[in-house]
Amino acid sequence: MIELRNKTKHVILEEGDMICDTRTGSKGFLIERERRVDIVRDDIYVWHVYWFSKKYEQFNSLPWMEEEGLKMSIVIGTVIIHKPNNGVEDE
């Protein structure tokens, strides 16, 4: 578990990234990062997600995802992240 947590430190999330949930086929864009106060962990961050495609209508994708959970999902492969321009910045 420690190795997986260390890998999450290398996952960079940014506004405009597209995420795909491999379990449900849902796709969405990360639109805003928000800091929230948590009683147990002090501060947490959540990403607001604009879901534009849902494969299963009965699955209700939350309009936000907790950042550390999202990063862990990316590391283990249940969520795939796509960067605009394949991560290449304009010169």
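**Salt bridges**

I began with the salt bridges of this predicted model, and the count came to seven. I looked up the pair within helix H1, where the side chains of Lys7 and Glu3 meet at 3.9 Å, N to O. Because Lys7 and Glu3 are four residues apart in H1, about one helical turn separates them. I noted the general rule that an α-helix has 3.6 residues a turn, so residues three or four places apart point the same way. As for cover, Glu3 is exposed, with a relative accessible area of 57%, whereas Lys7 counts as partly exposed at 42% relative accessibility.

I then turned to Arg33 and Glu67, whose side chains form a salt bridge with an N to O distance of 2.9 Å. This pair links distant parts of the chain, since Arg33 belongs to strand S2 (residues 27-38) and Glu67 to helix H2, 34 residues apart. I asked myself whether each partner is buried or exposed, and found that Glu67 is buried, with a relative accessible area of 8%, while Arg33 counts as partly exposed at 40%.

A further bridge joins Asp43 to Arg35, with the closest N and O atoms 3.0 Å apart, and Asp43 counts as partly exposed at 27% relative accessibility. I also traced one network, in which Glu14, Asp17 and Lys83 are joined by salt bridges that share partners.

**Overall layout**

I went through the secondary structure next and recorded two helices and five strands, which run α-β-β-β-β-α-β from the N terminus on. The chain has 91 residues, of which 29% are buried. Of the contacts with a separation of 6 or more, 48% are between residues 24 or more positions apart. The chain exposes about 6,600 Å², and carbon and sulfur atoms supply 52% of that area.

**The nonpolar core**

Which residues make up the largest nonpolar core? I listed ten: Val11, Leu13, Ile19, Leu30, Trp47, Val49, Trp51, Leu70, Ile74 and Val79. Strand S3 (42-53) and helix H2 (67-76) each supply at least two residues of this core, and S3 gives the most, with three. I set beside this the general tendency of nonpolar side chains to be buried together in soluble globular proteins.

I followed one core member outward: leaving aside residues up to four places away in sequence, Val11 touches Lys71, Ile74 and Val75.

**Thr8 in H1**

I returned to helix H1, which spans residues 2-8 and contains Thr8. At 5% relative accessibility Thr8 counts as buried, because the cut-off for buried is under 20%. With residues up to four places away in sequence again not counted, Thr8 touches Glu68, Lys71, Met72 and Val75. Lys71 and Val75 therefore appear in my contact notes for Thr8 as well as in those for Val11, under the contact limit of heavy atoms within 4.5 Å.

**Helix H2 and its ends**

I checked which residues of H2 are buried and recorded Glu67, Leu70, Lys71, Met72, Ser73 and Ile74. The buried residues of H2 pack against H1, strand S1 (18-21), S2, S3, strand S4 (64-66) and strand S5 (79-82). At the start of H2, I found that a side-chain oxygen of Glu66 reaches to within 3.2 Å of the backbone nitrogen of Glu68. Just after H2, Gly77 takes a positive phi of about 95°.

**A nonpolar patch on the surface**

I then looked at the surface, where Phe29, Ile31, Tyr50 and Phe52 form a nonpolar patch with about 390 Å² of accessible area together. The elements that give two or more residues to this patch are S2 and S3, and Tyr50, one of its members, lies in strand S3.

**Thr24 between S1 and S2**

My last entry concerns the loop between S1 and S2, where I located Thr24. Thr24 counts as buried at 9% relative accessibility, and its side chain makes a polar contact with the side chain of Ser26 at 3.1 Å.

Conventions. Residues are numbered from 1 along each chain as its sequence is written. This is a predicted model: local features need pLDDT of at least 70, side-chain atom pairs count only at pLDDT 80 or more; totals for chains, interfaces and linings use all residues. Side-chain values use heavy atoms; hydrogens and water are left out. A nonpolar core is a set of buried Ala, Val, Leu, Ile, Met, Phe, Trp, Tyr and Cys residues joined through side-chain atoms within 4.5 Å. Buried means under 20% relative accessible area, exposed over 50%, partly exposed in between (1.4 Å probe, protein chains only). A salt bridge is a side-chain nitrogen of Lys or Arg within 4 Å of a carboxyl oxygen of Asp or Glu. Patches are made of residues with over 30% relative accessible area and no salt bridge: like charges are joined within 9 Å, nonpolar side chains (Val, Leu, Ile, Met, Phe, Trp, Tyr) within 5 Å. Accessible areas come from the Shrake-Rupley method with a 1.4 Å probe; for residues, only the protein chains shown count as cover. A polar contact is a pair of N or O atoms within 3.5 Å; within protein, one must be able to donate a hydrogen and the other to accept it, and residues adjacent in sequence count only if both atoms are side-chain atoms.
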